[in-house]
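Dear colleague,

I am passing on the structure below, and after it I set out what was found about how some of its helices pack.

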Amino acid sequence: MTKAVIVNGGIVCSVIGPTGPEQRKLAGKVMQEALKKAGLSFEEISYLVATGYGRINVPFADKQITEISCHARGVNSIFPQARTIIDIGGQDVKGIKIDAKGKPVDFVMNDKCAAGTGRFLEVIAGTLGIELVALSKTAEESKNPARISSLCTVFAAQEVASRLSEGALLGDLVAGIHQSVAERILRTVSRLAVEKEVVVTGGGAKNGHLVKVLAERLGYAVLVPPEPLVTGAIGAALLGKDKFQATPAGELPKRPRNWGEVTFFN
């Protein structure tokens, strides 16, 4: 997903759009939608920070900052007491330790395969013919979660299909998948020595059953932002605001803003 957040005293507006193949073109569209929603012109934006995997594809950004720093700043603005972030995205899982000021002190990530990511749940949902948003509710129907032994996404999907044909209950299989995903996520972030308070972000945080299983495995409640998809974008906006306010007028370094529909094809 491509997101845009505009801040002033607080959050002025936020926009979330699906990411397609022409990332540069989409970044411009999402930005234009955010400006329209906020009632602002592009020239009225004092400083603009891009983050995430696609940050190099935002030609009108003044600065690019890593998603680790932006997630840390964004979560700290919502939950100042947070010390560990578990970000469950579509492509990777990140664990981030942060200090009291919202600065990252350590991080780990799993971006080598889909196991434990949102993509894993998408593949399983497709195999079972269930809408992704319905996975959590289906898992809640289970009283005896199945044990899913395959670690690979492709093999796990095959195992689920096979168990379903043998008569296993759909709810038990889906609950078993959630437990398997939670186990892999915690195995990744355990290298950080997870410390309270723990905040779960990303698309995975919208899956209530997955959040519930993570809390059960950790042994205590976890926190979820009101909109877990935009914490990184909030952090990027706040870091841009911090930089603008800390720099004397006229001395803030900016890149030439390329404002237009730039694509990979022109």
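In this predicted model, helices H6 and H7 are oblique to each other (that is, neither under 35 degrees, roughly parallel, nor over 145, roughly antiparallel, nor 65 to 115, roughly perpendicular), because their axes cross at roughly 55°. H6 (residues 170-189) and H7 (residues 208-218) have axes that come within 9 Å, and H6 passes H7 in a right-handed crossing (the near helix is turned clockwise from the far one by less than a right angle). Among the residues that meet (heavy atoms within 4.5 Å) are Ala175, His178 and Leu186 in H6 and His209, Val213 and Arg217 in H7. The residues of this contact of H6 with H7 divide into nine nonpolar, three polar and two charged.

H6 also packs against H5 (residues 153-165), where the axes come within 10 Å and cross at roughly 160°, and H5 and H6 are therefore roughly antiparallel to each other. This crossing of H5 with H6 is right-handed, with Val160, Arg163 and Leu164 of H5 touching Leu170, Leu173 and Ile177 of H6.

On confidence, the mean pLDDT (the predictor's confidence in each residue, from 0 to 100) of the protein chain is 87, and 93% of its residues reach 70 or more. Confidence is lowest in H5, at a mean of 81.

Residues are numbered from 1 along each chain as its sequence is written, and side-chain values use heavy atoms, with hydrogens and water left out. Local features need pLDDT of at least 70 and side-chain atom pairs count only at pLDDT 80 or more, whereas totals for chains, interfaces and linings use all residues.

Best regards

Technical notes:
Axes are lines fitted to C-alpha atoms, for helices over the stretch in contact, and angles run from 0 to 180 degrees between N-to-C directions. Helices (H or I, at least four residues) and strands (E, at least two) are DSSP runs, numbered from the N terminus. Ala, Val, Leu, Ile, Met, Phe, Trp, Tyr, Cys and Pro count as nonpolar, Asp, Glu, Lys and Arg as charged, and the others, Gly among them, as polar.
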